[in-house]
Amino acid sequence: MSNTDPQDLPIRDEMIRLGQLLKLASLAEDGIQAKQLIEDGLVKVNGEIEERRGRQLHPGDIISVNGEAIRIVKED
């Protein structure tokens, strides 16, 4: 677990897919890298390993990759 608080990442919609979020948050350079991170079991959603790139994420969810954590928030 990371020793820093998650960074907030605002989204416009009610939901974003995991693969999109990894690219938006610059945790993955592209869809191929996002897929690889997920397949390698390096992506956690709310503390549990997530293996579905299409997983729907909502404001309040916390995603972590390699010790970096992102919290989804609703954009104003």
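Which residue forms a salt bridge with Glu-50, and how far apart are the closest N and O atoms? The partner is Arg-55, and the closest N and O atoms of the pair are 2.6 Å apart. Keep in mind that this is a predicted model.

The two ends of this bridge sit in unlike surroundings: Glu-50 is buried, with a relative accessible area of 6%, whereas Arg-55 is partly exposed at 22%. The pair also belongs to a network of salt bridges that links Glu-50, Arg-52 and Arg-55.

Searching the whole structure turns up five salt bridges. Three of the pairs, including the one above, are set out here.

| Pair | Closest N to O distance |
|---|---|
| Glu-50 and Arg-55 | 2.6 Å |
| Glu-39 and Lys-35 | 3.7 Å |
| Lys-74 and Glu-14 | 3.8 Å |

Let's turn to Lys-74 and Glu-14, which are joined by a salt bridge. Lys-74 is part of strand S7 (residues 68-74), while Glu-14 belongs to the loop between strand S1 (7-11) and strand S2 (16-17), so their contact ties together parts that are 60 residues apart in sequence. Glu-14 is exposed, with a relative accessible area of 54%, and Lys-74 is partly exposed at 37%.

The bridge between Glu-39 and Lys-35 has a local setting: both residues lie in helix H2 (residues 31-39), four residues apart, or about one turn of the helix. Here Glu-39 is exposed, with a relative accessible area of 52%, and Lys-35 is partly exposed, with 41%.

Notes: Residues numbered from 1 in each chain as written. Predicted model: local features only at pLDDT ≥ 70, side-chain atom pairs only at ≥ 80, totals over all residues. Heavy atoms only, no water. Salt bridge = Lys/Arg side-chain N within 4 Å of Asp/Glu carboxyl O. Helix = DSSP H or I, 4+ residues; strand = E, 2+ residues; numbered from the N terminus. Buried < 20%, exposed > 50% of the residue type's maximum accessible area, 1.4 Å probe, protein only.
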